[in-house]
Amino acid sequence: MTQISSDIDRAAEIIEAGGLVGFPTETVYGLGANALDAEAVERIFEAKRRPKDNPIIVHVSGIEMARELAESWGETATALSDQFWPGPLTLVVPKVDRIPDLVTAGLETVGLRAPSHPVAQKLVERAGVPVAAPSANRFQGVSPTRARHVVSELEGDVDLVLEGGATNVGIESTVLSIAHSPPRLLRPGMISLQQLHEHASQVSAIEVAEHSVEGAKPSPGMSPRHYAPSAKLEVIDAPLSQNNDLPSDTGYLLCREASPNDDERMLAIGANPEEYARNMYAGLRQLDSLGCQIIAVESPPTGTQWGAIRDRLSRATGGEWPG
Ligand code: TXA
Ligand code: MG
């Protein structure tokens with residue numbers, strides 16, 4: 001039985017001993033292992049049923065630990081980490097040899113991130129090693145935003161799950177490669193390209209084409225079907241009108257403050273991007289658990305603040321909705 005616990009010291013011991021710990025970050029829950037221990041990292045891939053050509057993000061306690069894992073740490077890395085760390089930004093930089101190839105899927109670069117969630121910070125500090133952690137869900141599923149989501153997906157395959165409440169950001173970090181010149185956005189997140197550009201002029205504020213990503217394999221966040229619930233997701237462009245006989249197999253994810261009625265299949269998850277992102281994955285899970293075969297999503301507005309949300313919804317439709 002996988003336990004949910006608040007014992008960070010015990011979790012740190014499990015990491016040191018080569019085990020797996022589910023832990024909260026400000027974005028989503030991660031499935032962590034000692035990033036310097038290839039056997040421990042192997043267990044992450046097994047638990048997630050994740051193909052080995054997907055690199056894993058390495059969580060650090062701060063800039064000092066990051067610099068020890070990066071072959072070089074230039075001006076852009078300094079500017080962006082000073083501004084956005086700890087926080088939901090992953091920087092892809094050239095890696096040192098000490099990081100096993102398994103972590104980076106054989107790439108010469110590593111994605112590093114200093115999380116701002118206090119439980120994640122304490123875990124990395126007490127373990128005393130960098131912690132490799134993808135989102136704590138099965139491959140291509142919806143990322144967990146509560147401790148119980150981790151247990152429901154990975155029961156038996158994770159040694160302990162740390163309690164940290166509902167995550168605040170709700171979707172995965174922005175991933176920026178600064179190993180390329182100019183830097184490239186590999187995954188949009190709630191820290192926008194515009195914000196990055198304001199603090200590092202080397203980062204172009206012009207959105208890069210998602211499939212221009214270089215390297216042996218595209219990023220896992222780039223695969224067309226990712227972040228998907230079991231139900232089929234459809235995005236509806238017109239606002240949903242009041243309707244008395246909704247199909248019984250359909251749930252609705254509404255881009256509003258409040259639901260128009262008390263039907264549990266009509267979930268209002270927020271009208272601003274921060275609130276929407278915070279509630280989106282839990283909303284998809286909830287409609288899944290009600291047995292909905294179809295989830296109809298009221299299309300969120302366009303505009304840069306909604307970009308990462310539209311990206312995740314597009315991927316959850318398998319690319320059928322362009323985002
Ligand atoms: O918010 C997050 O980033 C969460 C929490 C747990 O920190 N983690 C997460 O990890 O989403 P994961 O493994 O599910 O996503 C990894 C993302 C992928 O899009 C991958 O392409 C990118 O990070 N990535 C990691 N290392 C990379 C590398 N060396 N080169 C290119 N992309 C890399
Ligand atoms: Mg993931």
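Strands (E, at least two residues) and helices (H or I, at least four) are DSSP runs, numbered from the N terminus. This is a predicted model, in which local features need pLDDT of at least 70, side-chain atom pairs count only at pLDDT 80 or more, and totals for chains, interfaces and linings use all residues. Residues are numbered from 1 along each chain as its sequence is written, chains are lettered from A and ligands numbered from 1 in the order in which they are written, and side-chain values use heavy atoms, with hydrogens and water left out.

**View 1. The open sheet.** Ten strands form a sheet of mixed pairing, in the order β1-β8-β2-β3-β7-β4-β6-β5-β9-β10; two strands pair if DSSP finds at least two bridges between them. β1 (3–5) and β10 (184–187) stand at the edges with a single partner strand each, so one side of each has no neighbour in the sheet.

**View 2. The pair β4 and β6.** Strand β4 (residues 58–59) pairs with strand β6 (residues 109–113) in the parallel sense, over two bridges. H59 stands opposite R113 in β6.

**View 3. The hairpin of β9 and β10.** Six residues form the hairpin connection from β9 to β10. The two strands run antiparallel and are joined by three bridges, with β9 spanning residues 174–177. L176 has L185 in β10 as its bridge partner.

**View 4. Helix α6.** In helix α6 (residues 118–127), the buried residues (under 20% relative accessible area, 1.4 Å probe, protein chains only) are V119, A120, L123, V124 and A127. Seen down the axis of α6, they fall within an arc of 130°, so they line one face of the helix; the arc is that of the directions from the helix axis to the C-beta atoms. G128 follows α6 and has a positive phi, near 75°.

How values were computed:
Buried means under 20% relative accessible area, exposed over 50%, partly exposed in between (1.4 Å probe, protein chains only).
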